[in-house]
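Q: I would like a close look at one part of this predicted model, namely its aromatic side chains and the loops that hold them, followed outward to the charged and cysteine side chains. Please take it step by step.

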Amino acid sequence: MANLIVYYSRKGQNYVNGSIKELKKGNTEIVAEFIQKAVGGDLFEVETVKTYSEDYHACIDEAQKELHENARPALKRYPESLDAYDVIFVGYPNWWGTMPMCMFTLLEKCDLTGKKILPFCTNEGSGMGSSERDLKKICKGAEIAKGLSVHGAESAQSESKVAEWAKNSVQ
């Protein structure tokens, strides 16, 4: 059984435990790497053509505007083929109650029929939001498993929790 770990992650300014902090590596990327270490698989980072503002507050305003417009931001690239993968981990920060709109762009372009989708998100207390329900709407023909919510400020310390979830989820 082959695993693909697709994720969008924000480096730089992030909201952490009530204040803005500069992150060298995004929280979601940290969790994606823990999944890869635990169960193996290929990593695929989702990158938008137009980058979000480096300023955290401007970025969340841009993200909110995309959500309200139901935008589909252009991506720099897509996975070449999903044929070799049975399980696809889908990771993202919770922005405005769901996935960043670039994840919708990616997932709507992919044929996920017969795939097992394992969502994971980082957040500062909002959990999975409506992302699992949204995944069920856009991932036609796929099995959407129960997701994992990781408190972003604790992502670097979440390896054992993430590994346990990933191992149990791929069985």
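A: Rings of Phe, Tyr and Trp, the last by its six-membered ring, are taken to pair if their centres lie within 6.5 Å. In this predicted model, Tyr8, Tyr52 and Trp95 form one aromatic cluster, and a search of the whole structure finds six aromatic pairs. Within that cluster, the rings of Tyr52 and Trp95 meet edge-to-face, with 5.2 Å from centre to centre and 85 degrees between the planes. Tyr52 belongs to the loop between strand S4 (42-45) and helix H2 (56-69), while Trp95 belongs to the loop between strand S5 (87-93) and helix H3 (101-109), so that the pair links distant parts of the chain, 43 residues apart. Tyr52 and Trp95 are both buried.

Another edge-to-face pair is made by Phe89 and Trp165, whose centres are 5.7 Å apart and whose planes stand at 70 degrees. This pair also links distant parts of the chain, since Phe89 sits in strand S5 and Trp165 in helix H5 (residues 159-169), 76 residues apart. Phe89 is buried, at a relative accessible area of 0%, and Trp165 is buried as well, at 12%.

The loop between S5 and H3 also contains Trp96, a residue other than glycine whose phi is nevertheless positive, near 55 degrees. Most residues other than glycine have a negative phi. With a relative accessibility of 41%, Trp96 counts as partly exposed, whereas Trp95 is buried. A positive phi of about 55 degrees is found for Asn70 too, although Asn70 is not a glycine, and Asn70 lies in the loop between H2 and S5.

That loop between H2 and S5 also supplies partners for salt bridges, of which the structure holds seven. Glu47 pairs with Arg77, their closest N and O atoms being 3.8 Å apart; because Glu47 lies in the loop between S4 and H2 and Arg77 in the loop between H2 and S5, this salt bridge ties together parts that are 30 residues apart in sequence. Both partners are partly exposed, Glu47 at 29% relative accessibility and Arg77 at 41%. Glu108 forms a salt bridge with Arg72, with 2.7 Å between the closest N and O atoms; here Glu108 is in helix H3 and Arg72 in the loop between H2 and S5, so parts 36 residues apart in sequence are tied together. Glu108, at 40%, and Arg72, at 32%, are partly exposed.

Asp134, found in helix H4 (residues 131-138), is buried yet has no salt bridge, the nearest side chain of opposite charge being that of Lys137, 4.1 Å away. The side chain of Asp134 does make a polar contact of 2.5 Å with the side chain of Thr98. Leaving aside neighbours within four places in sequence, Asp134 is in contact with Thr98, Met99 and Phe104.

As for the cysteines, a search of the whole structure finds zero disulfides. For Cys59 the nearest cysteine sulfur is that of Cys102, 10.0 Å away, and Cys59 is buried, with a relative accessible area of 1%. For Cys139 the nearest is the sulfur of Cys110, at 8.7 Å, and Cys139 is likewise buried, with a relative accessible area of 2%.

Notes
Residues are numbered from 1 along each chain as its sequence is written. This is a predicted model: local features need pLDDT of at least 70, side-chain atom pairs count only at pLDDT 80 or more; totals for chains, interfaces and linings use all residues. Side-chain values use heavy atoms; hydrogens and water are left out. Rings of Phe, Tyr and Trp (its six-membered ring) pair if their centres lie within 6.5 Å; planes under 30 degrees apart count as stacked, over 60 as edge-to-face and the rest as tilted. Helices (H or I, at least four residues) and strands (E, at least two) are DSSP runs, numbered from the N terminus. Buried means under 20% relative accessible area, exposed over 50%, partly exposed in between (1.4 Å probe, protein chains only). A disulfide is a pair of cysteine sulfur atoms within 2.5 Å. Lys and Arg count as positive and Asp and Glu as negative; His and the chain ends are not counted. A salt bridge is a side-chain nitrogen of Lys or Arg within 4 Å of a carboxyl oxygen of Asp or Glu. A polar contact is a pair of N or O atoms within 3.5 Å; within protein, one must be able to donate a hydrogen and the other to accept it, and residues adjacent in sequence count only if both atoms are side-chain atoms. Contact means heavy atoms within 4.5 Å.
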